[in-house]
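The request below concerns one part of the protein shown here, and the answer then follows the related features outwards from that part.

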Amino acid sequence: MRTEIRNVLIVDDDAEIRAYLADLVDNLGAQPLQASDGAAALEAVRGVLPDLILMDVEMPIMDGLTACRTLKSNPDTQRIPVIMITSLFALDDRVRGIEAGADDFLTKPIQVPEFNARVKSLLRIKKLNDSLESAENVIFTLANAIEAKDKYTIGHTGRVTAYAVELGKATGSSESELLILRHGGSLHDIGKVAVSDAILNKPGKLTPEEFLLMTQHTVVGFNICSPMKSLAHALPCIRSHHEKPNGTGYPDRLKGAEIPRVALIIAVADVFDALTSKRSYKEAIGHERAHGILAEEAYRGALDADLVRCFTHTVMPGFHSVAASG
């Protein structure tokens with residue numbers, strides 16, 4: 001069986017050191033790539049994304065710490081493991097490397113057994129991360145495919161995500177919470193893969209039995225995504241975006257503070273988009289009327305009142321173009 005060749009980018013201003021490290025990498029069965037400084041490394045990854053980067057710290061033009069920090073701040077390259085190679089022994093230097101996002105360290109002069117162990121370990125971790133990322137992509141692709149089952153919901157998850165993120169920003173969400181809203185918004189309806197087209201596209205009111213089947217999409221979505229540890233942060237949005245502060249929601253009849261804040265944000269965005277979009281069972285309504293219904297829902301405890309006020313008075317005045325695209 002053919003083994004996939006992994007690419008290792010070696011970044012050092014000393015050509016002899018690069019050649020020596022390239023031989024070590026080649027002996028491990030990986031493909032060595034080379035760059036002479038941090039700036040050249042950033043240019044190289046635009047062409048070929050390596051599976052591992054061996055980065056010298058002290059280099060002209062751009063040092064290794066700056067290059068590492070840049071790589072780790074870019075979503076396209078932040079998962080590439082970086083080993084910092086240095087002749088510096090001070091603890092402060094290691095701390096600066098950790099703060100820049102380095103995954104491991106090697107000290108000059110290189111000890112071959114240690115080099116081999118660290119490189120093989122990080123290549124193994126990178127391969128595992130790649131497989132997890134591929135699985136994530138399948139999940140997100142499946143979520144997008146759900147919309148195709150119902151011509152009236154095409155674009156729904158994108159709009160819900162956009163509304164939710166803006167509402168999160170307006171209410172002081174952290175960057176980590178905004179990421180939850182992005183992923184949770186994209187995946188909140190993935191469980192509808194288990195709901196028949198006849199129910200999703202039914203032009204009239206659902207029967208009690210059909211409604212019960214529809215409510216299960218929150219649990220099904222939760223079960224689809226829960227094996228993926230990398231999607232654990234999005235699970236509260238997927239399972240709980242139909243919970244209501246007054247305890248009348250589903251699937252767990254959560255009440256008040258029991259409902260995760262991210263799920264309450266998704267709920268406001270979800271209801272607004274449902275109101276202002278045409279569906280098989282109803283026509284779209286205007287923003288002003290939708291805002292009134294949101295307020296009514298908040299008054300009776302079906303939506304979070306503070307989030308509804310912020311959405312209506314702060315988020316939507318500058319969001320008409322996004323809403324109109326639906």
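Q: Please take a close look at Lys 169 and Glu 166 in helix α6: by about how many helical turns are Lys 169 and Glu 166 separated?

A: Because Lys 169 and Glu 166 lie three residues apart in helix α6, about one helical turn separates them. This is a predicted model, in which local features need pLDDT of at least 70 and side-chain atom pairs count only at pLDDT 80 or more, while totals for chains, interfaces and linings use all residues. Residues are numbered from 1 along each chain as its sequence is written, and side-chain values use heavy atoms, with hydrogens and water left out.

Lys 169 forms a salt bridge with Glu 166, with the closest N and O atoms 3.5 Å apart (a salt bridge being a side-chain nitrogen of Lys or Arg within 4 Å of a carboxyl oxygen of Asp or Glu). Lys 169 counts as partly exposed because its relative accessibility is 44%, and Glu 166 is likewise partly exposed, with a relative accessible area of 30% (buried means under 20% relative accessible area, exposed over 50%, and partly exposed in between, with a 1.4 Å probe and protein chains only).

Lys 169 also takes part in the packing of its helix. Among the residues of α6 that meet α7 are Thr 157, Ala 164, Gly 168 and Lys 169, and on the side of α7 the contact includes Leu 178, Leu 181 and Arg 182 (contact means heavy atoms within 4.5 Å). The axes of helix α6 (residues 156–170) and helix α7 (residues 175–187) come within 8 Å and cross at roughly 160°, which makes α6 roughly antiparallel to α7 (angles over 145 degrees count as roughly antiparallel). The crossing of α6 and α7 is right-handed, and the residues of their contact divide into four nonpolar, five polar and two charged.

A second helix pair offers a useful counterpart. The axes of helix α13 (residues 287–299) and α14 come within 9 Å and cross at roughly 165°, and α13 and α14 are therefore roughly antiparallel to each other. The crossing of α13 and α14 is left-handed. His 291, Leu 294, Ala 295 and Ala 298 in α13 meet Ala 305, Val 308, Phe 311 and Thr 312 in α14, a contact that by class has six nonpolar, two polar and no charged residues.

Helix α14 (residues 305–315) also holds Arg 309 and Asp 306, which, being three residues apart, are separated by about one helical turn. Arg 309 forms a salt bridge with Asp 306, the closest N and O atoms being 2.3 Å apart, and Arg 309 is partly exposed, with a relative accessible area of 47%.

The structure holds 17 salt bridges. One of these joins Asp 51 to Lys 126, with the closest N and O atoms 3.8 Å apart, and it links distant parts of the chain, with Asp 51 in the loop between α2 (38–47) and β3 (52–56) and Lys 126, 75 residues away, in helix α5 (residues 112–147). Both Asp 51 and Lys 126 are buried, and a network of salt bridges links Arg 6, Asp 51 and Lys 126.

How values were computed. Axes fitted to C-alpha atoms, helices over the stretch in contact; angles between N-to-C directions. Helix = DSSP H or I, 4+ residues; strand = E, 2+ residues; numbered from the N terminus. Parallel < 35°, antiparallel > 145°, perpendicular 65-115°, else oblique. Left-handed = near helix turned anticlockwise from the far one by under 90°. Nonpolar A, V, L, I, M, F, W, Y, C, P; charged D, E, K, R; others polar.
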